[in-house]
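Work through these exercises with the sequence and the 3D view side by side. Try each task before you read its solution.

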Amino acid sequence: MIDGGSDVELLNPEGAPADALPMRIAKTADHIRIARQARRPMRRPSVKALAHRTNFYWTPDQTRHALANAAAAIGAGDTDAALRWVETDDSHNIELHLAALIITQTTVAGAKTADARARADASVSQMHIAGRECLDRGNPALALSLLLRAACGLPFLIRPGSKAPGVVLCDLATALQDLNQFALASRIYAEALEACPSGEGKHWFQRSVILSNFGVMRMIEGRFDEASRILFESIDFTKRSGEAPPTELIAVLVNAGHSERTRGNIGSSRKLLREATAVARKSGQTATTNYARALIHLSDLDLEAGRNSAAIRRCRVVQRLAGTFSKRLEGQAHSMEGECQIRIGRYEAARQSFQRAYDLLEGRPDDDADERVEIRQLLADVERRLGSLDRAEVLLDEAKTIGDAKYGKQWIGHADTLKVRGRIAWDRESFEKCLALRTQAVRQLAGMVADDHPKRLLLDGELAEAIAATGKSSQALRLLQSCMRREGKLLSRLVDRRNSFLELGHLRVTRQHLEVFILILLRMRRRSNWAIGTLIEAILALRGLAASIWRASPTDGVAAEPLWKARETGAQYDYALVIAETYTLEGQRSRLLLSRSWNALTLTELGEAETLENAFRDWIEKDGAAPPALTGFSDNLIRVAGAAERLVWMPDHALAMHPICALPLSNGKLIADCATIIQPRDAYALAGPARATRSPGPSLVVGVSRFHPSMALMDLPGVATETVLVAQMLHGEGPTVLAEDEATVPAVVAALSRVPTRIHIATHGLVATAAPDKGRVRAQIAAAARRDPLAGTALVLGGTTSPGQVGLLSARDVIRLDLRGVKLVVIAACDSGVASSDASEGILGLQAAFHASGAETVITTLWPLYDLPTSYLVEQLYAEVLLGKPPAECLRRAQAATRRKWAGKFGWGGWIVSGPASG
C-alpha cells in the first residue's frame, strides 16, 4: 500500500519514456475521494464539464491549459480552433482524446467523429489494461489511479449496452477492495452489474466475472452467506456463457467451495471442490493455481473429518504439483500437512512442515501477507506446544508487524494472534494476562464475524476458561451456556440444509465447551441446579444431533422438532434420566453420571472411563461374577435414579454398546429388578412420536432364515418358527407377511412405505465394525461403511439364496422412509442395536434410523441371539403388547419370563427398548 503521505511517480506501464505520461499520484485517500466523485455519471458531456471534471492532480498542466483554451474557443464559436487545441498523438492522454470526441460530435464531420471515437476508445482501453496489469502485480494504489482515469472517460464514450463499462468498473471496485474500501467497492460492483444486464447472453461472462470478484470481497469481509449466494450466481452465468474459459469456472467453483465450507455447509463445499478438480482434469488445467487451491481445501475437509492420512497424502500431491509453478501454494500445502500432524499428535513433524512453509512464503510480495501471518501463528502455536515460548512470541511479533503493515489495527488476523498469545500466557500461568488477551481478541472479532461463527464460538470458549481461572466460575459458565445456545442456532440452520451427520459432528465446538463446562463445575464448591441442568440439556442436544438431521420430512418441509420434551406428572418427573458423559482431565478420560429425577439434579464422578469399560468387557466376555468396579457402578446408577419406576439410560462411547438391565447390584439383585430400562441411542427418541401424516395400516412381519453358502452366513431355523408365531399372534390385525425369497429389499421397502402399525423383522443383522473379514456380504457392508457410516449397519433380506444376490436393508435405506405413525418396531436380529459409527452426537444405526423416520418405539439387541430363548421372549413380548401395555414394560416382563427359564444373561439380557420416556 502506498503510504498516505508520499507521492509516487507514475511510470508508463507500456514501457514508453517516463515523460510520455507526465503526471503524479498523490495520496490514496484522494484517489478514494475522486472515486466517489467518478461514480456520479455526467448527464451533459461538454468540453467545459470535462475540463472541470478532469481538473485532478494527475492531469498535466499542459492538458489543463489545452482544455481551458478549447472550452474558450467553443464559447467563441470557433470549433476548429478548439479541435486544434485538443488534437494529440499521445495515446495516454485520455482527457484530450475525449475532448476531441465531444467537439467532433458537435460538427458534421462524420469521418472525424469516427476517428476521434476510435482514438478515445483506444486511449481508455490502454489505460484500463495498464490498471489491470498493476492489479496483477499487487499494486492496487497505482491501479486505482489508472482505472479512475479510464472510468472517468466512460460517460463520454460508452453507448448503452456496451460491454466496456462493467469490465472497467469491476476492476475499479477490485482496486478499492484491495485497499480495504469495501463499502465503496460494493457500490461500484453494483453499478458494474447494472452495466451488464443478466437477460442478455453477450454479457453473461462479464457478469460472472463481476459476481466472482464481488463474492470474494464478501468472503474477505466475513459475510459468507452472502458470498455463497453471489458465487453460486456467478457459477450459473459462467456455465451459461459460451466464452468463459475453464480457468474462470474452476476459480469460481473453488471460491464458492471455500465460502460454503466456512459457513459450515460441508457437503456443498466438497461437491463444488470436486467439480472444480474434475473440470481442471478434463480441460488439462491441473498445473494451475486454482486446481492446487481446490486440493488444499479438500485436504482441509479431510482434516476436519478426521481423515488425517488422506489429508496428508493430498497435501503432498499439492507440494509436488505446486512446486513447479507456485511457491506460495507449495507453502500452503506444507502448512496444511503441519495441521494434520498436530491432529495426530506429531508436533515435531508439524514444526518441520510449518518451518518449510515459513521458508517458502518468506520474502513473498505483500499480496501473500495473509499466508505469511497465518504460518507464523501456526508455527508459534506448535512451538508453544513444544515448550519454546520465547520463540513463539517472536513469531507472533512478526505476524503482528506484517498484519499492521497491510491492514492496520482492525483485521481478523489480530484475533488469531491474540488467541495464541493468550495460550502462551496460560502456559506461563499468567491467568490475568491471558484473560486480558482473550478479551481483546473477542473484541477484535466483534463486528467482523457473526456471534455464531465457529471462530467466535471457539474463542469465547477459551475466554470462559480464562474467566474461570481468575475465580469467576459462574460468569464463565454463563458464557459457555451462551456459546452452546448460539451454536444450537447455527446447527438448526445447518440441519435444514440436509448435511450428513459426520459433517455436522466435525463442525461442532460444543464438545470442547462441554469439557470446559464440566471442569469448571467440578472445581466449584457449590454446584447449582442451574449449572447441572444446563449441562444435561447441552448433552441431550449434542446426543440428539444424529437423528435430528433427518427428523424433518424431506417431502412436506416440516421443521425439526425440539430435541427434548420433558413430560412431567404433576410437579414431579415420572421417570429418571441418567446420562453417562466422558470428559478429558489432564489427558485422562474420566466419567460423570448426571441424573434428573423427582425434580432433583445430581452429578456423580465415576473415575477413569477405561476402568469401567474394561469391567464391562470382562463381564460380557468371561460370563462370570461382575467385578467390583461394575457392581459399584450399578449401585451408583440405582442410587441416582431414586425411586423412579422407569430409568432412561443414555451412555456415550463404549458404554452405549452394552445393555444394563442384566447388571448385578452388590445386594445380589439385578438392575432389571429395580426399574424398567429405556436405553435410547439418540436423544431424539425421547422427543416422542412425530405427527403422523396418514393412518397406519396392517402390521408387517418379515422373516429370512435361509442364506446361500457363498454369503458365509449360517441358516437360522428358529427365525422361520418365530415368523409364523408372530404372524399368528397378530392374525387379528391382518398382517402383511414377507418370508424368505419374498422378503426382497424392494418388497420390504414398499411394505414399510405403507406405514404398518407394527413392524417385526427377524434375520441376520450385520455391523461393519463387528464383521470378520470373510464372506461376500460382510465385505460388501464393510466397503459401504467406508463410504457412508449409515450404510454400515444393515439387515440381510430375502432373494439371497442364489449366488450374486445380496439384499441388504441398511440404516441409510430406513432413514429415507416416512414411518410417522408406526407404533412399534421389533428387530430380532443379532447386534441390531449396534452401529458402525459411535459418536457423542448419537449412534447412527437402525434404532436411530427408525426413530428419525418417525417410528415411536424401537426394540433392538446389542448381543447375538439364540433360537429358543429368542422365540420364547418374542412370544411373551407380543402377548403383553396385545394387552395394550407400554412397550418398555412389555419387554421387561418378557425378559423376566425368559430369565426364569434361561437364567444366563445371554438368553435375555441383550435386548433394549428406545422410545418416549413417559406414558
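The exercises below deal with a predicted model.

**Exercise 1. A salt bridge between a loop and a helix**

Task: Find the salt bridge between E362 and R376, and state which of the two residues is buried and which is partly exposed.

Solution:
- Step 1. Locate the residues. E362 lies in the loop between α17 (347-361) and α18 (369-385), and R376 lies in helix α18.
- Step 2. Check the distance. The N to O distance is 2.4 Å. A salt bridge needs the two atoms within 4 Å, so the pair qualifies.
- Step 3. Count along the chain. The partners are 14 residues apart.
- Step 4. Judge the exposure. Buried means under 20% relative accessible area. R376 has 2%, so R376 is buried. E362 has 36%, so E362 is partly exposed.

**Exercise 2. Two more bridges and a network**

Task: Say where R423 and D381 lie, and do likewise for E856 and K823.

Solution:
- Step 1. Take R423 and D381. Their closest N and O atoms are 3.2 Å apart, and the two form a salt bridge.
- Step 2. Place them. R423 is in helix α20 (residues 412-427), and D381 is in helix α18. Along the chain they are 42 residues apart. Both residues are buried.
- Step 3. Take E856 and K823. This salt bridge has its closest N and O atoms 3.6 Å apart.
- Step 4. Place them. E856 sits in the loop between α34 (846-853) and β19 (857-861). K823 sits in the loop between α33 (811-815) and β16 (824-828). The separation is 33 residues. K823 has 45% relative accessibility, so K823 is partly exposed.
- Step 5. Look for shared partners. One network of salt bridges joins D381, R384, R385, R423, D427, R438, E462 and E465.
- Step 6. Widen the view. The whole structure holds 37 salt bridges.

**Exercise 3. Two packed helices**

Task: Describe how helix α25 and helix α26 pack.

Solution:
- Step 1. Choose the quantities. Two packed helices are described by the angle between their axes and the distance between the axes.
- Step 2. Read them off. Helix α25 (residues 510-523) and helix α26 (residues 529-543) pack at about 160 degrees, with axes 11 Å apart.
- Step 3. Name the arrangement. Angles over 145 degrees count as roughly antiparallel. Therefore α25 and α26 are roughly antiparallel. Their crossing is left-handed.
- Step 4. List the contact. From α25 come T510, R511, L514, F517, I518 and L521. From α26 come A531, I532, T534, L535, A538, I539 and L542.
- Step 5. Sort by class. The contact has ten nonpolar, two polar and one charged residues.

**Exercise 4. The surroundings of A762**

Task: Is A762 buried or exposed? Which residues does A762 contact, beyond its neighbours within four places in sequence?

Solution:
- Step 1. A762 belongs to strand β12 (residues 758-762).
- Step 2. The relative accessible area of A762 is 1%, so A762 is buried.
- Step 3. The contacts of A762 are V702, G703, V704, V719, E722 and A828.

**Exercise 5. Positive phi**

Task: What are the phi values of E429 and E740?

Solution:
- Step 1. Recall the rule. Most residues other than glycine have a negative phi.
- Step 2. Take E429. Its phi is near 65 degrees, a positive value. E429 is in the loop between α20 and α21 (431-445).
- Step 3. Take E740. Its phi is positive too, about 55 degrees. E740 is in the loop between β11 (736-739) and α31 (745-753).
- Step 4. Add exposure. E429 is exposed at 60% relative accessible area, whereas E740 is buried at 13%.

Definitions and conventions:
Residues are numbered from 1 along each chain as its sequence is written. This is a predicted model: local features need pLDDT of at least 70, side-chain atom pairs count only at pLDDT 80 or more; totals for chains, interfaces and linings use all residues. Side-chain values use heavy atoms; hydrogens and water are left out. A salt bridge is a side-chain nitrogen of Lys or Arg within 4 Å of a carboxyl oxygen of Asp or Glu. Helices (H or I, at least four residues) and strands (E, at least two) are DSSP runs, numbered from the N terminus. Buried means under 20% relative accessible area, exposed over 50%, partly exposed in between (1.4 Å probe, protein chains only). Axes are lines fitted to C-alpha atoms, for helices over the stretch in contact, and angles run from 0 to 180 degrees between N-to-C directions. Angles under 35 degrees count as roughly parallel, over 145 as roughly antiparallel, 65 to 115 as roughly perpendicular and the rest as oblique. A crossing is left-handed if the near helix is turned anticlockwise from the far one by less than a right angle, and right-handed if clockwise. Contact means heavy atoms within 4.5 Å. Ala, Val, Leu, Ile, Met, Phe, Trp, Tyr, Cys and Pro count as nonpolar, Asp, Glu, Lys and Arg as charged, and the others, Gly among them, as polar.
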